[in-house]
Amino acid sequence: MFDKLEKINQGIEEEGAFYLFTVRLIPAFPFFVVNLVMGLTKIPLFTFYWVSQLGMLAGTVVFVNAGKELAKIDSLAGILSPGLIASFVILGIFPITVKKAMALYKKKKHAN
C-alpha cells in the first residue's frame, strides 16, 4: 500500500498539478478514489481544487453529450442515429486521445 502511495507522491513531486490533471481525465479512476488518495499527498488545497475542476470539466462534457444523445432515442431506429453513434465514438476515443496527448506533452517537455 505504502509503495503505491510513494509512487503517487513521486508523481506529484515531479509533475505537480499536471499529474492530478492527467489522473482526472482518465475515466477508469473513480473521483472519490482520486480525492482520497490526493488527500494523502502534499498537493496544496487550492491547486487540488482548480486542477480538479478543470480536469473533470472535459470528461463531464463528453458524458453529458452522450447522455443528451441517449435521451433523444424515441424508437429502435434512433439507436443508429449519427448523433448517438458520434457520441459513443467520442466517448470511446476520449481516453485514448487524452493518453496520447499527455504522452506527447511529456515527450516535448523532457526534450527541452
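Start by selecting Lys7: at 57% relative accessibility, this residue counts as exposed. Keep in mind as you go that you are looking at a predicted model. Lys7 sits in helix H1. For a sense of scale, add Val61 to the selection: 54 residues separate the pair in sequence, and their C-alpha atoms are 30 Å apart in space.

**Along H1 to Glu15**

Stay on the same helix and move to Glu15. H1 covers residues 2-15, and Glu15 belongs to it. Is Glu15 buried or exposed? Its relative accessibility is 15%, under the 20% limit, so Glu15 counts as buried. To see what lies around this side chain, show the residues in contact with Glu15, setting aside those within four places in sequence: you should find Lys106, Lys109 and His110. Now draw a C-alpha to C-alpha distance from Glu15 to Lys106. The two are 91 residues apart in sequence, yet 9.5 Å apart in space.

**Helix H4, end to end**

Next, select residues 45-71, which make up helix H4. Its 27 residues, at 1.5 Å a residue, should span 39 Å, and the end C-alpha atoms are 37 Å apart, so expectation and model agree. Where is the kink in H4 centred? Go to Leu57: the helix bends there by about 25°.

Now colour the buried residues of H4, which are Thr47, Phe48, Val51, Ser52, Gly55, Gly59, Val62, Ala66 and Glu69. As you step along them, it helps to recall that an α-helix has 3.6 residues a turn, so residues three or four places apart point the same way. What covers these buried residues of H4? Show helix H2 (17-25), helix H3 (31-38) and H5, which are among the elements that cover them.

Two stops on H4 are worth a click of their own:

- Thr47 lies in this helix and, with a relative accessible area of 19%, is buried because that value falls under the 20% cut-off. Add Ala17 to the view: the two residues are 30 apart in sequence and 6.8 Å apart in space, C-alpha to C-alpha.
- Gln53 is also in H4, but at 40% relative accessibility it counts as partly exposed. From here, draw a line to Leu76: the C-alpha atoms are separated by 37 Å, with the two residues 23 apart along the chain.

**The salt bridges around Glu69**

How many salt bridges does a search of the whole structure find? The count is 2, and Glu69 takes you to them. Select Glu69 together with Lys68: they form a salt bridge, with the closest N and O atoms 4.0 Å apart. Then add Lys72, whose side chain meets that of Glu69 in a salt bridge at 3.3 Å, N to O. With the three residues displayed, you can see Lys68, Glu69 and Lys72 linked in a network of salt bridges.

Switch on a surface and look at how each partner is placed. Glu69 counts as buried, at 11% relative accessibility. Lys68 is partly exposed, with a relative accessible area of 45%, while Lys72 is exposed, with 52%.

**A nonpolar patch on the surface**

Keep the surface on for the last stop. Select Leu70, Ile73, Leu76, Ile79, Leu80, Ile85, Phe88, Val89 and Ile93, which form a nonpolar patch there with about 840 Å² of accessible area together. You have already met Leu76, the far end of the line drawn from Gln53. Which helix gives the largest share of the patch? Highlight helix H5 (residues 82-111), which contributes 4 residues. Finish on Val89, a residue of H5. With a relative accessible area of 42%, Val89 is partly exposed.

Methods:
Residues numbered from 1 in each chain as written. Predicted model: local features only at pLDDT ≥ 70, side-chain atom pairs only at ≥ 80, totals over all residues. Heavy atoms only, no water. Helix = DSSP H or I, 4+ residues; strand = E, 2+ residues; numbered from the N terminus. Buried < 20%, exposed > 50% of the residue type's maximum accessible area, 1.4 Å probe, protein only. Contact = heavy atoms within 4.5 Å. Patch = residues over 30% accessible without salt bridge, like charges linked within 9 Å, V, L, I, M, F, W, Y side chains within 5 Å. Areas by Shrake-Rupley, 256 points an atom, 1.4 Å probe, with all protein chains shown as cover. Expected span 1.5 Å × (residues − 1). Bend = angle between axes of the 7 residues up to and from the residue.
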